[in-house]
Amino acid sequence: MATPPSSSPQPLYRRVLLKISGQALAGEEPGSQGISQEMLEKMAGEIHQVRNLGIEVCIVVGGGNIYRGIAGAKAHGIDRATSDYMGMMATIINALALQNAIEHAGMPCRVMCAFPIEAIGETYIRRRALSHMEKGHVVIFAGGTGNPFFTTDTAAALRASEMGCGLLLKATKVDGVYSADPFKDHTAQFHPTLSYDDILTRTLR
């Protein structure tokens with residue numbers, strides 16, 4: 001006898017990458033720093049819900065809640081490359097905290113870093129990362145691209161392409177793209193849609 005077709009709708013995307021900013025991990029209060037346990041648990045719970053839909057999840061984390069490379073270089077006179085490496089270390093701290101929350105939520109999770117940190121995580125190898133995901137593990141990519149002068153948003157786009165993700169999502173404290181930081185500039189304008197040309201001509205960052 002043939003098995004009847006499942007009534008559950010199939011997910012539109014088989015694999016997604018979630019970019020989580022460091023500021024999102026700090027909590028919902030503007031200007032908050034450090035790591036919020038409440039936010040870790042909330043994100044782990046939402047990731048669990050997505051995985052229960054049969055969707056593979058990988059994550060890129062930022063580090064701005066602990067240290068932001070370009071800001072540190074300007075504020076403290078640190079060499080930009082050195083400051084960016086310090087920011088990469090901040091992403092590793094966030095990755096380990098998020099890994100712990102995800103594992104406590106009942107999901108296997110691996111941290112892979114763009115540069116060697118053998119004592120606490122695996123060095124990123126594309127085929128190994130794909131193997132982890134095919135086994136149902138959540139994979140967290142830390143250390144950005146491993147190179148200074150590149151943001152973790154760039155790392156997210158890179159890893160999403162390498163992992164063959166159908167969708168890249170960004171979790172941050174604002175609800176979209178603004179002309180300036182809306183927490184610092186009350187005249188910042190929200191852009192509901194943007195083309196590549198718009199970003200270049202308006203010098204949006």
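Two strands count as paired if DSSP finds at least two bridges between them, and that idea is the starting point for this tour of a predicted model.

Begin by selecting strand E2, residues 56-61, together with strand E5, residues 138-142; these two run parallel, and three bridges join them. Within the pair, pick out cysteine 58 and look across to E5, where valine 139 is its bridge partner.

Now widen the selection to the whole sheet, which is open, has six strands with parallel pairing, and follows the order E4-E3-E5-E2-E1-E6. Strand E4 (122-123) and strand E6 (167-171) stand at the edges, and because each has a single partner strand, one side of each is left without a neighbour in the sheet. Next, add helix H6, residues 152-162, which lies across strand E1 (15-20), E2, E5 and E6, and which runs at about 170° to E1.

Return to cysteine 58 and ask how many disulfides the structure holds. The number is zero, and although the sulfur of cysteine 165 is the nearest cysteine sulfur to that of cysteine 58, it is 3.7 Å away, whereas a disulfide needs two sulfur atoms within 2.5 Å. Cysteine 58 is also buried, with a relative accessible area of 0%. Then select cysteine 113, whose sulfur is 14 Å from the closest cysteine sulfur, that of cysteine 109, and so too far for a bond; cysteine 113 is likewise counted as buried, at 0% relative accessibility.

The next stop is the largest nonpolar core, which has 30 residues, and in which Ile20, Ile47, Ile59, Leu98, Ile102 and Ile140 touch the most other members. Several elements each supply at least two residues of this core, among them E1, helix H2 (37-51), helix H4 (80-104) and strand E3 (109-113), and the largest share, seven residues, comes from H4. In soluble globular proteins, nonpolar side chains tend to be buried together.

Centre the view on isoleucine 140 and, leaving aside its neighbours within four places in sequence, look for its contacts, which include Ile59, Val61, Ala95, Leu98, Ile102 and Val111. A second, separate core of 15 residues can be found by selecting some of its members, including Val60, Met112, Ala129 and Ala156.

Finish at phenylalanine 149, in the loop between E5 and H6. Is this residue buried or exposed? Phenylalanine 149 is exposed, with a relative accessible area of 54%, and its phi is near 75°, a positive value in a residue other than glycine. Most residues other than glycine have a negative phi.

How values were computed:
Residues are numbered from 1 along each chain as its sequence is written. This is a predicted model: local features need pLDDT of at least 70, side-chain atom pairs count only at pLDDT 80 or more; totals for chains, interfaces and linings use all residues. Side-chain values use heavy atoms; hydrogens and water are left out. Helices (H or I, at least four residues) and strands (E, at least two) are DSSP runs, numbered from the N terminus. Contact means heavy atoms within 4.5 Å. Axes are lines fitted to C-alpha atoms, for helices over the stretch in contact, and angles run from 0 to 180 degrees between N-to-C directions. Buried means under 20% relative accessible area, exposed over 50%, partly exposed in between (1.4 Å probe, protein chains only). A nonpolar core is a set of buried Ala, Val, Leu, Ile, Met, Phe, Trp, Tyr and Cys residues joined through side-chain atoms within 4.5 Å.
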